[in-house]
Amino acid sequence: VAAYIKETGDTSILDEMVAYDCNPELAKPLSDHLVRSFHHVTNNLGPHGLPLIGRADWNDCLNLNCFSKAPGESFQTTANYESGVAESVFIAGMFVAVGEDYQSLMKMAGLEEEIDFAKVECKKMYDAVMTDGWDGEWFVRAYDAFGNKVGSHENQDGQIYIEPQGFCVMAGIGIEEGYAEKALNSVRDILDTKYGISLLAPTYKEYHVELGEVTSYPPSYKENGGIFCHNNPWITIAETKLGRGDRAYETYTRICPAYTEDISEIHKMEPYVYAQMIASKDAVNEGQAKNSWLTGTSSWTLYSVTQFILGIRPTFEGLMVDPCIPKDWDGFTVTRKFRGDTYNITVKNTSKVCKGVRAMTVDGVAVDGNVIPVANDGKTHEVVVEM
């Protein structure tokens, strides 16, 4: 909803009547659905104040509530997968990441009390991640149904997962405290391969009933430490949050089909499409890609490249230009259509920096900041940005 309004400026969608349970008699404005969605998280928190994971979160193979046992008993499957108290640090990061946009939407909808509520809940979630979601060098992935950490140095395998490192930093968690830089450095030092970033490490060598399907795959394949391309762009975006343009671009090129032609005999994938998974370090066929046309990788990559590397990003107020590029780039040009107008954008990087806008003009007139005001005249405008 936030992305739609930022792109179009159309706030009327918040008043659109949308049915609950496909029943027109239960229709409420879209803003009511947003409130219920936000409260679904705050009403379902676990022992550490982190969101309950339920059956699974984004990683549908991380099944932490599927088994329970009493002391001295063997594991037994439970009838209700959502009965456990397993928590997801990844969802916590996502919650904080959307918190600011949610507050803006509530202001547009005239729900002032909800804004105050959201501020408090986002701060509580931020603090919960910092307190119980930090492992010393990276963010914890989750807590299982028995309160044990998943994605921690305390584990023998699966010590670090990619997902919370991307989304917690995307949310701004730990940036001021220096945690974010440590987390992304750990990704680089532990999860990086020449074919992309692995989902977790070390890979699981045996099945863990309390973790579920994630441990059922061979090491370095699929969710068990494979290079799961869908989440690599999260690291790209996270790196731009720290202003590390060289690293952001590097993570983009590792999995981009246009940059893998030289290893096509290893990759074994159509040269114009993203893979779901690329075999990682522990695999016999490291670098071999599988399952094309299957994931959200291409859309996430487009989002990361256009809005965070090139930095042409729609906001509620206008079109932001906030590049984060390799420092040896001289600049670039972009033509962007936005709310009925066309903007020819020229970015100059004579200072050879990765990030930061020094000055911007629109049709020769200096603009304060780096957000292009909405012209709403249907014309073409010339924008010059100096980094």
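W293 is exposed in this predicted model, with a relative accessible area of 63%. The phi of W293 is positive, about 65°, although the residue is not a glycine. The briefing below covers backbone exceptions, pockets, the surroundings of H230 and the nonpolar cores.

**Backbone exceptions**

- Most residues other than glycine have a negative phi, and most peptide bonds are trans.
- W293 sits in the loop that runs between strand 14 (289–292) and helix 10 (297–309).
- D363 is another residue other than glycine with a positive phi, in this case near 55°.
- The loop between strand 19 (359–362) and strand 20 (365–366) holds D363.
- D363 has a relative accessible area of 42% and counts as partly exposed because this value falls between the 20% and 50% limits.
- The peptide bond from A201 to P202 is cis, and its omega is near -15°.
- P202 belongs to the loop between strand 11 (200–201) and strand 12 (227–228).

**Largest pocket**

- The volume of the largest pocket is about 1,700 Å³.
- Its lining has 47 residues, of which M94, A97, V98, G99 and D101 are the closest to the pocket centre.
- Two or more lining residues come from each of helix 1 (2–8), helix 2 (30–42), helix 3 (89–108), helix 5 (162–170), helix 7 (232–241), helix 10 and strand 15 (312–314).
- Helix 3 gives the largest share of this lining, with 13 residues.
- By class, the lining of the largest pocket has 27 nonpolar, 12 polar and 8 charged residues.

**Second largest pocket**

- The second largest pocket holds about 270 Å³ of space.
- Among the 13 residues that line the second largest pocket, N155, Q156, H208, E210 and L211 are the closest to its centre.
- The lining of the second largest pocket divides into 4 nonpolar, 4 polar and 5 charged residues.

**Surroundings of H230**

- H230 is placed in the loop between strand 12 and helix 7.
- The relative accessible area of H230 is 14%, so the residue is classed as buried, the limit being under 20%.
- The side chains of H230 and W300 are joined by a polar contact of 3.4 Å.
- With neighbours within four places in sequence left aside, the contacts of H230 are W58, T295, G296, T297 and W300.
- W300 therefore appears in the contact list of H230 and also as its side-chain polar partner, at 3.4 Å, which is within the 3.5 Å cut-off for such a contact.

**Nonpolar cores**

- In soluble globular proteins, nonpolar side chains tend to be buried together.
- The largest nonpolar core has 65 residues, and those that touch the most other members are L64, L105, V129, F139, V150, Y161 and I173.
- Helix 3 supplies the largest share of this core, 9 residues, and also the largest share of the lining of the largest pocket.
- Apart from neighbours within four places in sequence, I173 is in contact with G93, V96, Y126, V129, M130, F139, C168 and A180.
- Two of these contacts of I173, V129 and F139, are also listed with I173 among the residues that touch the most other members of the largest core.
- A second core, separate from the largest, has 33 residues, including I255, I278, F338 and I372.

Terms used: Residues are numbered from 1 along each chain as its sequence is written. This is a predicted model: local features need pLDDT of at least 70, side-chain atom pairs count only at pLDDT 80 or more; totals for chains, interfaces and linings use all residues. Side-chain values use heavy atoms; hydrogens and water are left out. Helices (H or I, at least four residues) and strands (E, at least two) are DSSP runs, numbered from the N terminus. Buried means under 20% relative accessible area, exposed over 50%, partly exposed in between (1.4 Å probe, protein chains only). On a 1 Å grid over the protein atoms alone, a cavity is a set of points where a 1.4 Å probe fits but cannot get out, and a pocket is an open set with protein on both sides within 12 Å along at least five of seven lines; lining residues have an atom within 4 Å of a point. Grid points are joined across faces, edges and corners, and a volume is the space filled by probe spheres set on the points. Ala, Val, Leu, Ile, Met, Phe, Trp, Tyr, Cys and Pro count as nonpolar, Asp, Glu, Lys and Arg as charged, and the others, Gly among them, as polar. A polar contact is a pair of N or O atoms within 3.5 Å; within protein, one must be able to donate a hydrogen and the other to accept it, and residues adjacent in sequence count only if both atoms are side-chain atoms. Contact means heavy atoms within 4.5 Å. A nonpolar core is a set of buried Ala, Val, Leu, Ile, Met, Phe, Trp, Tyr and Cys residues joined through side-chain atoms within 4.5 Å.
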